[in-house]
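Please open the model in a viewer and keep the selection panel at hand. The tour below proceeds by selection, beginning at a contact between two domains.

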Amino acid sequence: MDFRMSEEQELLLESLCELIAREVTEADVKTWYENHAVSEKFNKAFIEAGFGFLGIPEEHGGTPADVTTLMLVSEEVVHQTCATIPLLSNILNMYDVVEFGTPEQIKLTMDITKETGSPAFLLAISEPQAGSDNMRMTTTAVHKDGKVILNGSKTWITHGGVAPYALVFAKEDNSDLTNKAISMYLVPSDTPGIKFAPLHKIGQTTTVFAEMYLDNVVCDESCLVGKKGEGFMQLMKNLEVERLLISSFSLGLAQAAMDDAAAYAGQRMQFGKTIGSFQLIQQKLTDMEIKIKNMRNMLYEAAWKADNGISIKLDSALAKRYICMTATEVCYEAMQIFGGLGYTTETRVSRAWQDARGWEFAGGTNEIMVHIAGREIVKKYAK
C-alpha cells in the first residue's frame, strides 16, 4: 500500500494552491454566495490553468488525469476556498458529452465553457415524482418529421435559467412505467416552450437552482446525444465517479472546517486558558480528525480501484453515504467549538455546514446509498 502522491500530482496541487492564493480571498467567496455565481475571473483562471477539463482527452482541449488526481484537485479546491465550485461538477458532466456526443456537440460545449468560464449546459434529470426512481420520469420525446417534441417538467436544476444549453433526459414516445427507453438531448435553454422557476437553497448558493418546464419544445433530431433509448445507461456510466466527486467536495468542506476550528481552539481564551486545553474540546477535535482520516482513506481507496479497473459499485455507495454524512458531523462540531460565533456568517464553518448538508442529497440520498450498497453486500457475502 503506497499512499504517496506522484511528483506530477504534488506539482499540480502546488500550482492549484498558488492559483487560489493569487485569485481568491474570503471576501470574494462571500460575494460568490451573495451573487449566486462564482466570478468569471476565477472561473476563467481555473480553466486557463488547466484545471477546468481534468480527465477530458487532449484532442478535445482537456487535461489528461486519472480519477485519483481528479479527487485530489476537487478536494483541495473546496478545502482552500471552503466553497462549492460549480465548475468541478461540470467536469464530470462534460464527460457525458465528450464520450457520447457528436464532434459538433463536443466542440460547442467545450468552446462555450472556455469562452465564458461557466458550464455550457445544465442537467435536466430529476422530476417531482422521479428523484431516486428515474424510471418514473414522465418527460417524453416524440419524433416527427425529423424533429423531436419534448414535454414534461424537471426539478433540482443546477444552473437553471443561466446555462445556455440543457441536457434533457426524456422517455421515447411515451411515459409508461414499463418504458425503459430514455434518451439524452442537448437543447438550447432559450428554445420556445422552455421555462424556469427559481428554487431557493439554504446552502450551496454559488449557483442558481430551479424547476424546468418543457411545453411542446421542438428541436432537431441532431440534438440527440449518444444512442436513442440508451440515455439512462450512458448516465450510469459515470454515476459512480460522480458519487466519489461529491464525496471529495464534502471532505474538502470538512477539512476546511477542521482547519478553522482547531486554529480557533488554540487562540480562544476562556477561564484564563485556551479552549484547546480543555479535554472536552480536545475530544471533539480528536474525533473530528479520526473521521477526516477515515473519509480520506475511504475516498482514495475507491478512486484507486476505479483507476485500476476494479468495480466501485459498492465502494462508491459506501463512500457517498459515509463521507457526506460524516462531513456534516465534522462541520457541526466545528460550529460547536466556535460557540455562538460559529452560527454567524463571520466564520466559514457555518457555510461549510450548510453546503455539506446539501451533498447528502445530491448524487443519491443517504438512504438510496443503503439500498445500493445493501444489494452489493448481499452479493459479496453470498455462499
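Begin at the interface of domain 1 and domain 3, across which three salt bridges are found in this predicted model. To place the two partners, colour the chain by its domain assignment: domain 1 covers 7-118, domain 2 covers 122-230 and domain 3 covers 232-381.

Next, select Glu-26 and Arg-351 and show their side chains. They meet in a salt bridge, with 2.8 Å from N to O. Polar contacts may be displayed next: between domain 1 and domain 3, 16 residue pairs are in polar contact, counting pairs with both residues at pLDDT 80 or more.

Which helices should be selected on the side of domain 1 that touches domain 3? Select α2 (26-35), α4 (67-81) and α5 (86-100), each of which supplies at least two residues of that side. The largest share, eleven residues, comes from α4. Colouring the side of domain 1 that touches domain 3 by residue class gives 13 nonpolar, seven polar and six charged residues.

Now show both partners together. In terms of contacts, 26 residues of domain 1 meet 29 residues of domain 3. The C-alpha centres of domain 1 and domain 3 are 21 Å apart. A surface view is useful here: domain 1 and domain 3 bury about 2400 Å² between them, with 61% of this area on carbon and sulfur atoms. Within domain 1, select Met-71, Glu-75 and Cys-82; these residues lose the most area to domain 3, and together they account for 26% of what the domain 1 side buries.

The remaining stops follow the UniProt record, in which the features concerned belong to an unreviewed entry.

- Select residues 6-106, where UniProt places "domain: Acyl-CoA dehydrogenase/oxidase N-terminal". The chain over residues 6-106 is 69% helix and 0% strand, and its end C-alpha atoms are 31 Å apart.
- Select residues 123-217, listed by UniProt as "domain: Acyl-CoA oxidase/dehydrogenase middle". What is the helix and strand content of residues 123-217? The span is 0% helix and 52% strand, with 16 Å between its end C-alpha atoms.
- Select residues 229-377, for which UniProt gives "domain: Acyl-CoA dehydrogenase/oxidase C-terminal". Residues 229-377 are 75% helix and 3% strand, and the end C-alpha atoms lie 30 Å apart.

Methods. Residues numbered from 1 in each chain as written. Predicted model: local features only at pLDDT ≥ 70, side-chain atom pairs only at ≥ 80, totals over all residues. Heavy atoms only, no water. Domains from an automatic or database assignment. Contact = heavy atoms within 4.5 Å. Buried area = accessible area lost by both parts, 1.4 Å probe. Salt bridge = Lys/Arg side-chain N within 4 Å of Asp/Glu carboxyl O. Polar contact = N/O pair within 3.5 Å; in protein donor to acceptor, adjacent residues only side chain to side chain. Helix = DSSP H or I, 4+ residues; strand = E, 2+ residues; numbered from the N terminus. Nonpolar A, V, L, I, M, F, W, Y, C, P; charged D, E, K, R; others polar. UniProt positions renumbered as here; feature names shortened; annotations may be inferred.
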